[in-house]
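Trainee: Please bring up the structure. I have a few questions about how its parts are arranged.

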Amino acid sequence: MTVVGKSWSRLTLPGKIIFTVVPLLLVTTFVAVSAIVLLGPTIIDILAANLPIVRFVVAVTIVLLMTIPTAFLIIYMEMKVIALMNLRIGPDRVGPFGSLLSVVHGLKVLMKEDFTPTGADPIVFTWAPVVTYLASVMTLLVIPFAPGIFGQDLNLALLYFFAIGGLSVVGLLMAGWSSYNKYSLLGGLRSAAQVISYEIPLTLSVVGLILLAGTMSLNKIVEQQSGWFTDWYVFQQPLAVLIFFIAATAEANRTPFDLTEADSEIVAGFATEYSGMRFGFFFFAEYVNVFIISALTVTLFFGGWNAPFPWPWPVTLDLDPGSLGILLLILVAIVPLILTIVFAAPVWMISARIKGWQALIVGFILANLFIVAVIFGLAYVGLDWVAGIFWFLGKTYVFVFTFVWMRGTLPRVRIDQLMDFAWKWLLPASLLNLFVTAAAIVVARSVRP
Amino acid sequence: MSLVPGLGLAKGMALTLRRFFEPKVTVMYPEDRRDVPHKFRGRLQLLYDEWGTLKCETCFQCAQACPIECIDMGGIDTRGRYHVHWGAPETYGERREESALRRSGRPVPDPAYRPFAAVDLGALDGILDEYDHDPAHMLAILEATQAAYGYLPVAALKRISQLTGAWYAMIYGTATYYSHLRFEPAEASAQAAAVAAHRPPEGAYLAALDAALGKRRNPGKPARA
């Protein structure tokens, strides 16, 4: 046995791991750093030359990744909120207040068997959930989250939204058609009938807004609503908001129009034969749809990322941490300690039964919360995109809550009531809204050109 | 039906929103357990369906499962033919149908059954007094009882169970465990033993079978003797 072999055999398990991992890390770091130093400028040049493509790829990646936590959050919200409305407690086992339950659901779905029925068309069967999911996700690309935070600023963003969003019907039909199950096929056709019927009032209700705004770019529509909340289009197009919201509910297959997969009546409709992650994609698409519909409602009618009131006093943050010099380092080291003690002291003084270390823990948590609050406040004031995302997500989740709330309250309509409502009420109402808006614009222009 | 369209929807939405903030009724079962009385088995009550008839199908499962036999019940069987009962037969004047009894899971009375001869239990009181009514001295009590009656009458065992508080099943188990304790008079036991003694041994049947069948009976295995 060689000397190396002998020394190796004398090492304990942690020693063996360290002796292998550390050199590997060193080599990898060296290679990576040298590659960045040598090739970095070239890569950056190439990327800069193809900025639109890079932007597109990055946006698509972010949007795809963003849908996962969004769907998890909305699924959790649905479980918890409906439970609370039913006087139940709801999920409370996994994570704080059960908040990780939807993640566990996701893992469960991933581990399930991915089953394709005999006689099904495997290619169409596999691609149907992808089409549905991507049709939902791709619409996120044009939604402005905050000033400067959007995938693409299309001048036809609204048209793009409805065009791509309408593609989800294709996915539903594909799923129903390829399942080799006549009930799935019926379910798919039923969903298609529903979604296409509601597509018409949905689109028509927005035409009046397009006439008012004079543009289809979502960014411009949001910018036109800046200022006080009275500038939001909801006050100029109240009927359109109502029609849009109802039609969007049907479009996203949510209660009371969730006939496509009416849980309690039919077995998931078009998705009867789906299992595992393929079903999971349909499921995901539904919840992403909820988010998207809420986001579009907010963008079009509720001011998008605009705060409901303009910031009353102008703030210019003139912070230059670099000017502190070495003091900055000392502050970074000391301020958390001081804050912890400052917050711990009153807790400690409340009661003689609270021990010192308990008070310190509470103080530490409070200090962290305080620091986070301060950082968020500074960011809100200093960076307009932080404020934008705050208001945009805040308003969007109000609408998401409304969807969940409706699901907790309203009973499902019948299929004939559904169709009647779309064609006999929503369509005339949206046409009326369009004509009244157009007439009002003509009158306003002739009165005050 | 209200005149304002959508008022019902608004009312429903308001209701659920109010419920959202109300205190919850869930009992976190494995952690929190409601304080129920010992031996609580839920409420004994006959329920009526929407037509006002009893939901009870007279299946006797409740009476059969009742651990302290406090349920006795009667009714008509599922086809409405027989009055069926569970419980002490003295309670009911009607004739008990054999099929109904059989369906109810009760032992069907045997017409050839002769009840036990009446046993005078007066001797028991002295024995139990001597052992202080203590179930720990069960073997001694049983031996004394057998000495007094010549055997262990069932009525005496029940009386012992009643007075000492020991379960009848345990007393019965004790009595069957010891071979010198018997449940019949000595002459009856001797008769049974004589019948058993005169039974031919097991090997004799096999030998007769072998003789009758030749060697064709299961040649693979050696014949047991």
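Trainee: Is A:Asn306 buried or exposed?

Mentor: This is a predicted model, in which local features need pLDDT of at least 70 and side-chain atom pairs count only at pLDDT 80 or more, while totals for chains, interfaces and linings use all residues. Residues are numbered from 1 along each chain as its sequence is written, with chains lettered from A and ligands numbered from 1 in the order in which they are written. With C-beta atoms placed from the backbone, 20 or more others within 10 Å of a residue's own make it buried, 12 or fewer make it exposed, and values in between make it partly exposed. A:Asn306 has 25 other C-beta atoms within 10 Å, so A:Asn306 is buried.

Trainee: Which residues does A:Asn306 touch, leaving out those up to four places away in sequence?

Mentor: A:Asn306 lies in the loop between helix 11 and helix 12 (326-350) of chain A; helices (H or I, at least four residues) and strands (E, at least two) are DSSP runs numbered from the N terminus. The C-alpha atoms of A:Asn306 and A:Ser226 are 5.7 Å apart, with the two positions 80 residues apart in sequence. A contact requires C-beta atoms, placed from the backbone, within 7 Å. With that exclusion, A:Asn306 touches A:Val222, A:Gln225, A:Ser226 and A:Trp391.

Trainee: How many helices and strands does chain A have, and what percentage of its residues counts as buried?

Mentor: The secondary structure of chain A is 15 helices and 0 strands. Of its 449 residues, the buried portion is 34%.

Trainee: What arc do the buried residues of helix 6 of chain A cover around the axis?

Mentor: In helix 6 (residues 157-166) of chain A the buried residues are A:Ala157, A:Leu158, A:Phe161 and A:Gly165. They lie on the same side of helix 6 of chain A, because their arc is narrow enough; the arc is taken from the directions from the helix axis to the C-beta atoms. An α-helix has 3.6 residues a turn, so residues three or four places apart point the same way. The arc here is only 100 degrees.

Trainee: How are helix 5 and helix 6 of chain A oriented to each other?

Mentor: Helix 5 (122-139) is among the elements that cover the buried residues of helix 6 of chain A. The two axes come within 8 Å and cross at roughly 165 degrees, where axes are lines fitted to C-alpha atoms, for helices over the stretch in contact, and angles run from 0 to 180 degrees between N-to-C directions. Under 35 degrees counts as roughly parallel, over 145 as roughly antiparallel, 65 to 115 as roughly perpendicular and the rest as oblique. Helix 5 and helix 6 of chain A are therefore roughly antiparallel.

Trainee: How are helix 6 and helix 7 of chain B oriented to each other?

Mentor: Helix 6 (residues 154-164) and helix 7 (residues 168-177) of chain B have axes 9 Å apart and pack at an angle of about 130 degrees. Residues meeting there include B:Leu157 of helix 6 and B:Tyr168 of helix 7 of chain B. Helix 6 and helix 7 of chain B are therefore oblique.

Trainee: How many residues of chain A are in contact with chain B?

Mentor: Chain B contributes 11 residues, and they are in contact with residues of chain A. The chain A side of this contact numbers 9 residues.

Terms used. Two residues are in contact if their C-beta atoms, placed from the backbone, lie within 7 Å.
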